[in-house]
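Got your viewer open? Load the model, switch to cartoon, and keep the selection box handy.

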Amino acid sequence: MVDSVKTLCPYCGVGCGLEVSSPRFSGTGNPTDEQGNPIWKVTGDRAHPSSQGMVCIKGATITESLYKNRLEYPMMRDSLEEPFRRCSWDQALTRIVDHIKLLRSTQGADAICMYGSGQFQTEDYYIAQKLLKGCLGTNNFDANSRLCMSSAVSAYIKSFGSDGPPCCYEDLEHTDCAFLIGTNTAECHPIVFNRLQKYLRKNRKARLIVVDPRTTKTAEAAHLHLAIKPGTDIDLLNGIAHILLEWGEINTFFIDECTKGFYEYAEVIRHYPPELVAAKCGISVPQLKKAARYWAKANRVLSLWSMGINQSSEGTAKARTLINLHLMTGNIGKPGAGPFSLTGQPNAMGGREAGGLSHLLPGYRSVLNAEHRRDVEQFWKLEPGRISPTPGRDAWRMITGLETGDVGLLWIAATNPAVSMPDLSRTKAALLKSPLTVYQDAYYPTETSAYAHILLPAAQWSEKTGTMTNSERVVTLCPQFRLPPGEAKADWQIFAEVGKRLGFTSQFNFKDSAEVYAEFVQLTRDRFCDLTGISHQALLRSGPIQWPCPQDHSRESKRLYTDFRFPTPDGRAQFAAYHSKGLAEPPDPEYPFILTVGRLYGHWHTQTRTGHIPKITKMYPYPRLEIHPQDAARINIADGEWLEVRSRRGKACFLTQITRAITPGTVFVPMHWGALWAQHAEANLLTHSEACPISLEPELKACAVQLIPVLASSATLIDVSELNSKLANF
């Protein structure tokens, strides 16, 4: 459609700017893939403020996935035992609308659920909220961000009064001490890590602390690596706080003038002396004191965290305990300092702005707040009381609702829960019970398509125009630069068409995504996340824009809380006093090892894109399990042999990789391999559904397992070329 375009990488939450050019004009000799499709050339956008021209292997190869295994036409079937048959959009949408009407008249709106994705554009998110929470009157919209960032959301809200990371990437180049916990930044947010590493090389006095049970690429670069036992994060953080308080290395003025709850917090950390904490965490007292000394000597401490903190039954508590350290030392609201959650998905931040979790409404509003509900109802021109005051079903309660029969329609879009949800055997069994599952995606097959009754082809990145917000609150426009394949449509267009067919014509009368965005930002006016100064036109004209950005540009700032006032009733930040509870499922004599799961540098989630890119698949031909030599000797397993991993919920098989880069007693496997990519290698067959009681985010990062050596014949890897024959079993 065009010769070149500036856009945003659609993978992780770093939000790297890309420049994509047609092969006809790139001087590359019109490169094509094995099917003869032209491959667009991708380079980093040097003008993008977040990535400064850098790009990782995923972003550099993204256009290679545009043509492969695409879902091009709507398809339907009456039962999961039947094959899919091609149908028209009218037939598919009529069936969906008729079923929604039936459920509303029989079970009520609470029987309708939608499970969306942090890979939506903001416009997709917004129209989904308007359809579900507004027009249909159910808050049963949740997103895979529930498995990713919901603990960070709840921690920010409870500590500061609002969601929103207070830092920016520029802080990476101003800090005296970077404290990374629960994040393998080098592999999962590589461009952020590249910026930090460049700075550390130039500023030898700055220090890097990494907290991780594994010696990851991130930990290898650290001045201090704390290889704590899984589940002891709060012990460590309270232990550092204990030492800082004992040394008098606290900011009493900031505590007295800008916070509340410190004395209750001080009473808790009194119970975490160095000797006790070091023993619990599996580190030495000198290491613990060194971490406290780095923090104390720094004028500006920047903490970064991700899934290792969030995906926990103590996720909110862990994040708030980390924030406590910033509050007690005054490390917030200034360059190089602050608690900075690294968003997992490309537009999880935009989803939060648009209200894309089951307890949220657009503009950082809550369904629990009567004034918030009333404001949104009036804006959407709906009758009073249309929006439910009850939080909707989170992702896991959608699964349990299928088990009980309370969910009569599950609409899944742009995500693959048949790989990514915890307790996967239970998840799959629940999906089999769904009366009607609508699956809306750009790719086919995926593991989730095996459980769908209706398939809707969605246009993806490059095929539709919309916005995304990255971890530092920078909004970037992602323009369409190629036609979608077949009959694929933008997600927001599909949601809007269903709304019109249900009789809400005036609410969904948009000619394009620019109009959708223009309406959405009005719901952020005078809110903490004010985006009224941002539009598609402004982004085309000026490039990426960071919020807050009111229409009058009166609140523009790279950082939040620079005045040390917080959006709480009294303007003060709130300390949180938590004792450590440890893992929801600790090891025991029957299941003596702890399994932790995570990402690899080249792959993204469940491989629907990256699994089709040869350069990436060659890097990771199969999933491997990392195990310490001490543990390998204990169970008599050699490097490269098959190992069966069993939990109380299921089992999986992996090839062993014996390495000293992991804490004894802990094993690691990647989460990317679903049933289409390898037999018996699904990490989430092993994980459990126990979740943080505040954020409702499951503890995907740790469960108790057994390790059993097995014969090679008991596990078989599936090559990409075997996907079609594998699908026949579906």
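Before the first stop, one cut-off to keep in mind: a residue is called buried when its relative accessible area is under 20%. Also remember that you're looking at a predicted model.

**Stop one: a run of strands.** Select residues 17-21, which make up strand 2. How many of its five residues are buried? Four are, which leaves this strand mostly covered.

Now add residues 4-8 to the selection; that's strand 1, which runs antiparallel to strand 2 and is joined to it by five bridges. To see one pairing up close, pick K6 and look across to its bridge partner in strand 2, E19.

Next, bring in residues 41-44, strand 3. Strand 2 pairs with this one as well, again in the antiparallel sense, over four bridges. For a landmark here, click S21 and find K41 of strand 3 standing opposite.

**Stop two: an aspartate in strand 7.** Jump to residues 141-143, strand 7, and show the side chain of D142. Is D142 buried or exposed? D142 counts as buried because its relative accessibility is 0%.

So what does that side chain reach? Turn on distances and check two backbone nitrogens. The one of S358 is reached at 3.0 Å, and the one of A395 lies 2.8 Å from a polar side-chain atom of D142.

To finish, show the surroundings of D142. Leaving aside residues up to four places away in sequence, D142 touches M114, Y115 and G116, then L357 and S358, and also R393, D394, A395 and M398.

Technical notes:
Residues numbered from 1 in each chain as written. Predicted model: local features only at pLDDT ≥ 70, side-chain atom pairs only at ≥ 80, totals over all residues. Heavy atoms only, no water. Helix = DSSP H or I, 4+ residues; strand = E, 2+ residues; numbered from the N terminus. Buried < 20%, exposed > 50% of the residue type's maximum accessible area, 1.4 Å probe, protein only. Polar contact = N/O pair within 3.5 Å; in protein donor to acceptor, adjacent residues only side chain to side chain. Contact = heavy atoms within 4.5 Å. Pairing = 2+ DSSP bridges.
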